[in-house]
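Here is a walk through one protein model, strand by strand and then ring by ring. Keep the 3D view open as you read.

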Amino acid sequence: MDELPLTETTAAPARDLSGRAGFDTNFLGPAVPIPVLAGVETVLLPYTHFSVLMRLDKRLAAVTALGIDGDKLMDLDRSGIQWRLDPRLAEDQQTGERVYARNDIDRGHLVRRASAVWGDTRAEAAQANEDTFHYTNAAPQAAKFNQGLDLWLGMESYLLDNAADHGRRLIVFTGPIFSELDPVYRGVDIPLQFFKVAAFLHDGNLAATGYIVDQTPQLGELPDIQRPGVTGDAPPLGPFRTFQVPIRDIASLTDLDLEQLVDVDRMPTASALPTARADSTWRRLHSHEDLDLDLGPAWNNGRDDG
């Protein structure tokens, strides 16, 4: 394993983040607060259009909260933008360049860059673009995993185009799912799974859906990271498999308070089987057409799970 200096000398200079409004709880109209994590020391950091709830014990986000205005999205590139530490936290409270240097680990955006880049002006969108490049908005992801998630990355655009009304607005909560199986690399836990919960208005009513994706097999290909599990075999989820899941399962796996969104989960099996064992009702997604959402006849496509 590389021996790297503990200082973050390769990080870009810190920027002034004063005046950032962060995630708007009333973005959809009805209040949708950022999920809280009881019993763990956290710090809430506001940025442009999103906020990050940092877990200080993990030096990574517990959850990110983003409001997306689909009618104001802009196409700005990322050229010249460098990753940087957040000056509002001490260096040892966030995961910086030391974890990502000289290996096949990517800085995986939790708040999707393209989804945050919107605004009434180009300057507002540009500020959001740069804000997504703080290490507080990153999680260690195997390069193949981070670069091959077309389905996962496109989920927000698909829901904006097909499910959300109220001006094509969408709230997205994203974060790691920490577990005892997570390998430790350069002093940082590498999450094996990530979640996404989308909330939106459909026919004027609050609705939500949940998703989980897994990177375990890709981590096993990295020489400095021990593959999880006693035998070294990949878990049943396999590579690049995305699942639609009951939001209650995400709440159980993360300990985040998602009760409001559990109650409006539009995955039919979530309400039909309220006491089902976690992961027993997960629906594998091969494409967006596999989504099973109780949003009217057009959504009931009759596809099989698996």
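Gln193 stands opposite Asp214 in E10. That is one spot along the ladder between strand E9 (193-202) and strand E10 (205-214), which pair in the antiparallel sense over 10 bridges. The two strands make a hairpin with 2 residues between them, and Asp203 takes a positive phi near 55° there. Bear in mind that this is a predicted model.

On its other ladder, E9 pairs with E6, again in the antiparallel sense, over 7 bridges. If you want a landmark for that one, look for Ile171, which stands opposite Ala199 in E9.

How many of the residues of E9 are buried? The count is 10 of 10, so E9 is largely enclosed by the rest of the structure. In a regular strand, side chains alternate between the two faces of the sheet. In E9, both faces are covered. One side carries Gln193, Phe195, Val197, Ala199 and Leu201, the other Phe194, Lys196, Ala198, Phe200 and His202, and all of these are buried. Note that the list includes Lys196 and His202.

**The sheet as a whole**

Zoom out from E9, and you find 8 strands in an open sheet, ordered E1-E2-E3-E6-E9-E10-E11-E12, with antiparallel pairing. Strand E1 (42-46) and strand E12 (283-285) are the edges, each pairing on one side only. From one strand to the next, the twist averages 20°. Helix H7 (residues 247-254) packs on this sheet, where it touches E6, E9, E10 and strand E11 (242-245). The direction of H7 makes about 55° with that of E10.

Strand E3 (residues 60-69) is another covered one, with 10 of its 10 residues buried. Its partner on one side is strand E2 (residues 50-55), joined in the antiparallel sense over 6 bridges, and here Leu53 stands opposite Val63 in E3. E2 and E3 also form a hairpin, this one with 4 residues between the strands. In its turn, Arg59 has a positive phi of about 60°. On the other ladder, E3 runs antiparallel to strand E6 (residues 169-177), again with 6 bridges. Two cross-strand partners are handy for finding your way along E3 and E6: Ala65 has Phe173 as its bridge partner, and Ile68 stands opposite Leu170.

Here are the ladders described so far, side by side.

| Strand pair | Sense | Bridges |
|---|---|---|
| E2 and E3 | antiparallel | 6 bridges |
| E3 and E6 | antiparallel | 6 bridges |
| E6 and E9 | antiparallel | 7 bridges |
| E9 and E10 | antiparallel | 10 bridges |

**Rings and charges**

Now for the aromatics. The structure holds 7 aromatic pairs. Why is the pair of Tyr100 and Tyr135 called stacked? Their ring centres are 6.1 Å apart and their planes sit at 15°, so the pair counts as stacked, the cut-off being under 30 degrees. The pair links distant parts of the chain, 35 residues apart. Tyr100 belongs to helix H1 (residues 97-100), while Tyr135 is in the loop between helix H3 (122-131) and strand E5 (138-142). Both Tyr100 and Tyr135 are buried. They are also part of a cluster that ring pairs build from Trp83, Tyr100, Phe133 and Tyr135.

Two arginines sit over rings as well. The charged end of Arg88 is over the ring of Tyr47, 4.8 Å from its centre. Arg169 lies over the face of Phe27, at 4.2 Å from the ring centre; Arg169 falls in E6, which spans residues 169-177.

**After the last strand**

His288 is found in the segment after E12. Is His288 buried or exposed? Its relative accessible area is 17%, so His288 counts as buried, the limit being under 20%. Leaving aside neighbours within four places in sequence, His288 is in contact with Leu151, Gly154, Met155 and Tyr158.

**The chain in numbers**

Altogether, the protein chain has 9 helices and 12 strands. Of its 306 residues, 55% are buried. Among contacts with a separation of 6 or more, 73% are between residues 24 or more positions apart. The chain exposes about 13300 Å², and carbon and sulfur atoms supply 48% of that area.

Methods:
Residues are numbered from 1 along each chain as its sequence is written. This is a predicted model: local features need pLDDT of at least 70, side-chain atom pairs count only at pLDDT 80 or more; totals for chains, interfaces and linings use all residues. Side-chain values use heavy atoms; hydrogens and water are left out. Rings of Phe, Tyr and Trp (its six-membered ring) pair if their centres lie within 6.5 Å; planes under 30 degrees apart count as stacked, over 60 as edge-to-face and the rest as tilted. Buried means under 20% relative accessible area, exposed over 50%, partly exposed in between (1.4 Å probe, protein chains only). A charge sits over a ring if NZ of Lys or CZ of Arg is within 6 Å of the ring centre and within 35 degrees of the ring normal. Two strands pair if DSSP finds at least two bridges between them. Axes are lines fitted to C-alpha atoms, for helices over the stretch in contact, and angles run from 0 to 180 degrees between N-to-C directions. Contact means heavy atoms within 4.5 Å. Accessible areas come from the Shrake-Rupley method with a 1.4 Å probe; for residues, only the protein chains shown count as cover.
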